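Biologist: Could you walk me through reading a model like this one, feature by feature? I'd like the general idea each time, and then the case at hand.

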Amino acid sequence: MARMRAVVLSGPGDLTALQIKDRIVPEPRPGQVLIAVKAFGVNRSELHTRLGLAEGVTFPRVPGIEATGVVAACPGGEFTAGQQVVTMMGGMGRTFDGGYAEYTCVPATQVIPFTSDLDWPTLGAVPEMLQTAYGALTDALDVQPGQSLLIRGGTSSVGMTAAVLAKARGLTVLATTRVEAKAERLRTLGVDHVLIDDGRDGGVARRVHEVLGGGVDTALELVGTPTLPDTLRAARRHGVVCVAGMLSNEWTVPDFSPIDYLPRGVRLTAYGGEAGDLPAPVLQQFLDDVAAGRAVVPLGQVLPLERIRDAHSIMEGDRATGKIVVLPRTLRWRPRS
């Protein structure tokens, strides 16, 4: 039987819980696709799994809610061997083994094909952050050209991708960061107004109103419930706020009272998508735009599988400079100049 390396969690724990083990390559059944993983992104979701905060996880488990690679086998014929594909969500890394491995086996319904000459680290950064940013902007917020958008948690990979997509749609973009040194990265993505979040209650909302007067038309909350009240106050009357991330690891609002919590006239929604929420043409167009220089992938650290603990340490310590990507196999790769 063919063997592979995979990161395995036997249960929740600290960084040492991430163990690289030798495993049998999964055997796909009809309706499934075996993917040779070329790169996978590292997400807060996997941090939640490792810390025991995620619901519905069974152990032992190979974590990872996304993967990018090529089709190794597809008994049902939905895809062709060697075809470039991405996969994400649908229980990956929680109810069945995910992308932290040299091979992953997933339902064919959550596989999206593409064609690109971009390098694997760049491609590996895209799936989940594009799906989340695209879905939040289009489905939840329904952003329109000429509107304004506040991104709370702007230097997260989803936040930076949302900024790229929003600027391409003609929005005025405001984005927050807690670290002054990261402000320039946001400006290079086209962010119009970078706001330093000093942690003071009401600080960001006050700055937004200083910049725009009546507040933002739309806001994307990626930090979570601790900053949500301030983000709601940053929205204009009839503005819309979408919660699509939990960088804070705090998921719920204690003793939620809608009338007291929500500013009058401000609308609150949320987004949590699946692979089916990222149409193949949208993925392909984004990759084509990146290749042509019309869009940017906010790629951060690129690490080999052996440094998976370092990847989690960087993410947990908020030291990422963009999307963290791990290469399960050794690839000859250098950052593009």
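Modeller: Let's begin with a term: a salt bridge is a side-chain nitrogen of Lys or Arg within 4 Å of a carboxyl oxygen of Asp or Glu. Keep in mind that this is a predicted model. Here the side chains of aspartate 192 and lysine 167 meet in a salt bridge, at 2.8 Å from N to O. Aspartate 192 sits in the loop between helix H5 (183-188) and strand S10 (193-196), and lysine 167 in helix H4 (residues 157-168), so this pair ties together parts 25 residues apart in sequence.

Biologist: Are those two residues buried or exposed?

Modeller: In between, as it turns out. Aspartate 192 has a relative accessible area of 37%, so it is partly exposed. Lysine 167 is partly exposed too, because its relative accessibility is 30%.

Biologist: How many salt bridges does a search of the whole structure find?

Modeller: The search finds 18. The general idea is that side chains of opposite charge can pair when their charged atoms come close. Take lysine 323 and glutamate 66: they form a salt bridge in which the closest N and O atoms are 2.9 Å apart. Lysine 323 belongs to strand S15 (residues 323-327) and glutamate 66 to strand S4 (residues 66-73), so the pair links parts that are 257 residues apart in sequence. Both lysine 323 and glutamate 66 are buried.

Biologist: And what does aspartate 310 form with arginine 307?

Modeller: Another salt bridge, with the closest N and O atoms 2.8 Å apart. Aspartate 310 counts as partly exposed because its relative accessible area is 34%, and arginine 307 is also partly exposed, at 39%. Salt bridges can share partners as well: that is how Arg152, Asp197, Asp230 and Arg233 are joined into one network.

Biologist: Let's zoom out. How many helices and strands does the protein have?

Modeller: The secondary structure comes to 10 helices and 15 strands. The radius of gyration is 20 Å, close to the 20 Å that the globule rule gives for 337 residues, so the protein is as compact as a globular protein of that length. Along the principal axes, the C-alpha atoms fill a box of roughly 65 × 45 × 35 Å. As for burial, 55% of the 337 residues are buried.

Biologist: Now the surface. Which residues gather in a patch of negative charge?

Modeller: For a patch, look for residues with over 30% relative accessible area and no salt bridge. Asp139, Asp142, Glu274 and Asp277 gather in such a negative patch on the surface. Glutamate 274 is found in the loop between strand S13 (267-270) and helix H9 (280-291), and it counts as partly exposed because its relative accessibility is 36%.

Biologist: Which residues form a nonpolar patch?

Modeller: Leu51, Leu53 and Trp251 do, with about 280 Å² of accessible area together. Leucine 51 is part of helix H1 (residues 44-51). Its relative accessible area is 32%, so leucine 51 is partly exposed.

Biologist: What about the backbone? Which peptide bond is cis?

Modeller: The general picture is that most residues other than glycine have a negative phi, and most peptide bonds are trans. In this model, the bond from phenylalanine 59 to proline 60 is cis, with omega near 0°. Proline 60 lies in the loop between H1 and S4.

Biologist: And where is phi positive in a residue other than glycine?

Modeller: Asparagine 249 is one case, with phi near 70°. It lies in the loop between strand S12 (235-243) and helix H8 (258-261), and at 24% relative accessibility it counts as partly exposed. Aspartate 318 is another case, with phi near 55°. Aspartate 318 lies in the loop between helix H10 (308-316) and S15, and it is partly exposed because its relative accessibility is 36%.

Biologist: One last thing, about distance along the chain and in space. How are alanine 72 and valine 25 separated?

Modeller: They are 47 residues apart along the chain, while their C-alpha atoms are separated by 11 Å. Alanine 72 is in strand S4, and its relative accessible area is 36%, so it counts as partly exposed.

Key:
Residues are numbered from 1 along each chain as its sequence is written. This is a predicted model: local features need pLDDT of at least 70, side-chain atom pairs count only at pLDDT 80 or more; totals for chains, interfaces and linings use all residues. Side-chain values use heavy atoms; hydrogens and water are left out. Patches are made of residues with over 30% relative accessible area and no salt bridge: like charges are joined within 9 Å, nonpolar side chains (Val, Leu, Ile, Met, Phe, Trp, Tyr) within 5 Å. Accessible areas come from the Shrake-Rupley method with a 1.4 Å probe; for residues, only the protein chains shown count as cover. Lys and Arg count as positive and Asp and Glu as negative; His and the chain ends are not counted. The place of a charge is taken as NZ of Lys, CZ of Arg, CG of Asp or CD of Glu. Helices (H or I, at least four residues) and strands (E, at least two) are DSSP runs, numbered from the N terminus. Buried means under 20% relative accessible area, exposed over 50%, partly exposed in between (1.4 Å probe, protein chains only). The radius of gyration is taken over C-alpha atoms; the globule rule is 2.2 Å times the number of residues to the power 0.38.
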